[in-house]
Amino acid sequence: MSTTIYYYCSGDEINSIGKTIETEGAKIDTSDDALLTQILAEEKKERLVLENSIKYSKRGSISAKLKELDDIFDHDFTCMKGFITANRNMGNEEIATNANEIWDLMGKYNRQLHTLSFEGQFTNANILFSKFEEPEMKAKLEKLVGVNDCFVKAKASLKNAETCYEELNAQESQMVDVIAPSSQKNILRNIINEKLLPHLNNWNMVQPDKYGALLDAIERRIEDVNAKARARKTRNAKESDEDTTSED
């Protein structure tokens, strides 16, 4: 009996097995084996569905990253405001005057812009920062103590957050109804375990020269993935036991 995919394998792992099947299957002529051709086509179709569902299920990590990057921008922007405020109270009249002018300019684009929606803060901040970079205003800003360094950091963190936001929006614009990876991986696993492997095992006994290399490559890949999945299951079970023990 051929090695079969362990039930504990993840969607990513089963997807990788499917890719191996497609790569190795392309190396042999299946035109005279209608059933194998059909199974391989079904495998590829369902693997692509799994790959798509995995892709969209990972949106949550992008959302978390956006929150992290937005927090960094909020901090940098607040820090810049603090330095500008400090410069407004400087004894040096030129510095104080420049700081007040910059403060007034910030007021036109909302000094609390970091509390706005993503669209609002990105729009306002980009306009404000472009004003800061106009020659006259840039010269005044660079004369303030500590402000320019804060400005450079705020520009960088704004760009990082905005790039992440655009990536998230791009994914959402392409969003379609997709099956959950946990369900789709079982569909693909069953095709491989219950259709493909039995078929290859049967024909390998008759035509080992044709089917042997394909079956061997698939089995080796499955064994590698199964080993990782079993190790992960054992590790998780051990950690769970340790957590339970520590609570007692």
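Is Cys79 buried, partly exposed or exposed in this predicted model? With a relative accessible area of 27%, Cys79 is partly exposed. The legends below place this residue and several others in their surroundings.

**Figure 1. Overall architecture of the predicted chain, built from nine helices and zero strands.** Read from the N terminus, the order of elements is α-α-α-α-α-α-α-α-α. Of the 248 residues in the chain, 38% are buried. Among contacts with a separation of 6 or more, 77% are accounted for by residues 24 or more positions apart. The model contains 15 salt bridges and zero disulfides.

**Figure 2. Close-up of the cysteines Cys79 and Cys150, which do not form a disulfide.** The cysteine sulfur closest to that of Cys79 belongs to Cys150. The two sulfur atoms are 3.7 Å apart, which is too far for a bond, because a disulfide requires sulfur atoms within 2.5 Å. Cys79 itself is partly exposed at 27% relative accessible area. Another cysteine, Cys9, has 0% relative accessibility and counts as buried.

**Figure 3. Close-up of helix H1, spanning residues 11-25.** The helix comprises 15 residues, and the distance from its first C-alpha to its last is 21 Å, close to the expected 21 Å at 1.5 Å a residue. Its buried residues are Gly11, Glu13, Ile14, Asn15, Ser16, Ile17, Gly18, Thr20, Ile21 and Gly25. Ser16, a residue of this helix, counts as buried at 18% relative accessibility. Beyond its neighbours within four places in sequence, Ser16 is in contact with Arg221 and Val225.

**Figure 4. Close-up of the salt bridge between Glu13 and Arg232.** The side chains of the two residues meet at an N to O distance of 2.8 Å. Distant parts of the chain are linked by this pair, since Glu13 belongs to helix H1 and Arg232 to helix H9 (residues 208-247), 219 residues apart. Glu13 has a relative accessibility of 13% and therefore counts as buried.

**Figure 5. Close-up of the salt bridge between Arg47 and Glu51.** The closest N and O atoms of this pair are 3.2 Å apart. Both residues lie in helix H2 (residues 34-57); because they are four residues apart there, about one helical turn separates them. The two partners differ in burial: Arg47 is buried at 6% relative accessibility, whereas Glu51 is partly exposed at 29%.

**Figure 6. Close-up of the salt bridge between Lys131 and Glu134, with a view of a salt-bridge network elsewhere.** In the Lys131 and Glu134 pair, the closest N and O atoms are 3.9 Å apart. Lys131 is partly exposed, having a relative accessible area of 29%. Glu134 likewise counts as partly exposed, at 40% relative accessibility. The network is made up of Lys19, Glu22, Arg47 and Glu51, joined by salt bridges that share partners.

**Figure 7. Close-up of the largest nonpolar core, a group of 31 residues.** Phe77, Met80, Met106, Leu128, Phe129 and Phe132 have the most contacts inside this core. At least two core residues are supplied by each of helix H3 (59-88), helix H4 (93-108), helix H5 (118-132), helix H6 (135-143) and helix H7 (147-173). H7 provides the largest share, with nine residues. Around Phe129, the contacting residues are Phe73, Phe77, Met80, Phe151, Ala154, Lys155 and Leu158, when residues up to four places away in sequence are not counted. A second core, separate from this one, has 24 residues, including Tyr6, Ile17, Leu50 and Ala229.

**Figure 8. Close-up of helix H8, residues 181-206, and its bend at Leu196.** The helix has 26 residues and reaches 36 Å from first to last C-alpha, close to the 38 Å expected at 1.5 Å a residue. The bend at Leu196 amounts to about 30°, and the proline Pro198 follows within four residues. Leu196 is one of the buried residues of H8. The others are Gln184, Lys185, Leu188, Arg189, Ile191, Ile192, Asn193, Leu197, His199, Leu200 and Asn201.

Key:
Residues are numbered from 1 along each chain as its sequence is written. This is a predicted model: local features need pLDDT of at least 70, side-chain atom pairs count only at pLDDT 80 or more; totals for chains, interfaces and linings use all residues. Side-chain values use heavy atoms; hydrogens and water are left out. The expected span of a helix is 1.5 Å times one less than its number of residues. Buried means under 20% relative accessible area, exposed over 50%, partly exposed in between (1.4 Å probe, protein chains only). A salt bridge is a side-chain nitrogen of Lys or Arg within 4 Å of a carboxyl oxygen of Asp or Glu. Contact means heavy atoms within 4.5 Å. A nonpolar core is a set of buried Ala, Val, Leu, Ile, Met, Phe, Trp, Tyr and Cys residues joined through side-chain atoms within 4.5 Å. The bend at a residue is the angle between axes fitted to the seven residues ending there and the seven starting there.
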